[in-house]
Amino acid sequence: MFKLMDLPYATQALAPYMSAETLEYHHDKHHAAYVNFVNDFISKDSSFENKTLEEIIKISYNDAKLKPLFNNAGQIFNHNEFWPMLKKNDGPKLPSILEEQIKKDFGSFEGFKDNFTTAGKTLFGSGWVWMVFNDGRLEIRQYANGGCPVPDGLPAILGCDVWEHSYYIDYRNRRPDYLNAFIDNMVNWEYIEHKLKQAKG
């Protein structure tokens, strides 16, 4: 059975860019609901009892009957990755290895930001934008609903939740403003470099 991970900071730690109210609803209600769904599913289907989260995601990915399980398991993965990636800051200050890789793959930090925020703005409906590491390069990909990089077999480096519950309290329908605030003021860049180093091996 899976447990709801604790937030690695207080709910007010990201204000004013992400309010305590948003974090409380997002973590305590939405993330908790995904965990509860998967645990309830497993309690009724013992074949998943000893599977890891990643195994459940891969098994359910292409099975239409298991689509609800995939979406909820994917959302657990997405949020478990997402929370440690957040940290309030006064502007992006990238560690050297991460900055070098971003410049290599996107031309500049602004090039990266434009690609990342455009992917988030143009994703229709709900989902995620993820920067992944693929064949020695950073790539930005869109994932609808509970989709995640696990079925692609790619390390997840930086992700942003563009479901409305992640920003509507603070930004209403202004998703672009949320995405800009995310890149400019809410990313734990040291942690993202750590993820990149892990992916490089």
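Helices, of at least four residues, and strands, of at least two, are taken here as DSSP runs numbered from the N terminus. On that reading the chain of this predicted model holds eight helices and three strands. Followed from the N terminus, these elements come in the order α-α-α-α-α-β-β-β-α-α-α.

The overall dimensions can be considered before the details. A compact globule of 201 residues would have a radius of gyration near 17 Å, and the chain, with 17 Å, agrees with that expectation. The C-alpha trace spans about 50 × 40 × 30 Å along its principal axes. Of the 201 residues, 48% count as buried, while the accessible surface amounts to about 9700 Å², with 48% of that area belonging to carbon and sulfur atoms. When contacts between residues at least 6 apart in sequence are considered, 69% of them join residues that are at least 24 apart.

The strands offer a way into the interior. Strand β1, residues 127-134, runs antiparallel to β3 and is joined to it by five bridges; within this arrangement, tryptophan 130 has glycine 159 of β3 as its bridge partner. Strand β3 itself covers residues 156-161, and because six of its six residues are buried, it is largely enclosed by the rest of the structure.

Strand β2, residues 137-144, contains leucine 138, which is buried because its relative accessible area of 2% falls under the 20% limit. Setting aside neighbours within four places in sequence, leucine 138 is in contact with Gln101, Ile102, Asp105, Phe106, Met131, Val132, Phe133, Ile157 and Leu196. Serine 60, by contrast, is 78 residues from leucine 138 in sequence and 26 Å from it in space, C-alpha to C-alpha.

What surrounds these strands can be approached through the nonpolar core. In soluble globular proteins, nonpolar side chains tend to be buried together. Here the largest nonpolar core has 60 residues, and the members that touch the most others are Phe112, Leu158, Tyr178, Phe182 and Trp189. Phenylalanine 182 is a useful residue to follow: apart from neighbours within four places in sequence, its contacts are Phe82, Leu86, Phe116, Leu158, Gly159, Cys160 and Val187.

The aromatic rings add a further layer to this picture. A pair of aromatic rings is described by the distance of the centres and the angle of the planes. With centres required to lie within 6.5 Å, the count comes to 15 aromatic pairs. One of them joins phenylalanine 82 and tryptophan 128 in an edge-to-face arrangement, with 5.3 Å from centre to centre and 90 degrees between the planes. This pair links distant parts of the chain, since phenylalanine 82 belongs to helix α3, residues 67-82, and tryptophan 128 to strand β1, the two being 46 residues apart. Phenylalanine 82 counts as buried because its relative accessibility is 0%, and tryptophan 128 is likewise buried, with a relative accessible area of 0%.

A pair with another geometry is formed by phenylalanine 116 and phenylalanine 182, whose ring centres are 6.1 Å apart and whose planes meet at 10 degrees, so the pair is stacked. Because phenylalanine 116 lies in helix α5, residues 109-122, and phenylalanine 182 in helix α7, residues 175-185, this pair ties together parts that are 66 residues apart in sequence. Phenylalanine 116 is buried at a relative accessible area of 0%, and phenylalanine 182 counts as buried at 0% relative accessibility. Ring pairs link both of these residues into a cluster with Phe82, Trp83, Phe106, Phe109, Phe112, Trp128, Trp130 and Trp189.

Helix α7 deserves a closer look as the element that carries phenylalanine 182. Its buried residues are Arg175, Tyr178, Leu179, Ala181, Phe182, Ile183 and Asn185, and what covers them includes α3, α5, β3, α6 and α8, the last of these spanning 189-200.

Among the elements covering α7 is α6, residues 168-171, where isoleucine 169 is found. Isoleucine 169 counts as partly exposed because its relative accessibility of 31% lies between the limits of 20% and 50%. Beyond neighbours within four places in sequence, isoleucine 169 is in contact with Ser19, Glu21, Thr22 and Tyr25. Serine 19 is 150 residues from isoleucine 169 in sequence, although the two are 8.1 Å apart in space, C-alpha to C-alpha.

Notes
Residues are numbered from 1 along each chain as its sequence is written. This is a predicted model: local features need pLDDT of at least 70, side-chain atom pairs count only at pLDDT 80 or more; totals for chains, interfaces and linings use all residues. Side-chain values use heavy atoms; hydrogens and water are left out. A nonpolar core is a set of buried Ala, Val, Leu, Ile, Met, Phe, Trp, Tyr and Cys residues joined through side-chain atoms within 4.5 Å. Buried means under 20% relative accessible area, exposed over 50%, partly exposed in between (1.4 Å probe, protein chains only). Contact means heavy atoms within 4.5 Å. Two strands pair if DSSP finds at least two bridges between them. The radius of gyration is taken over C-alpha atoms; the globule rule is 2.2 Å times the number of residues to the power 0.38. Accessible areas come from the Shrake-Rupley method with a 1.4 Å probe; for residues, only the protein chains shown count as cover. Rings of Phe, Tyr and Trp (its six-membered ring) pair if their centres lie within 6.5 Å; planes under 30 degrees apart count as stacked, over 60 as edge-to-face and the rest as tilted.
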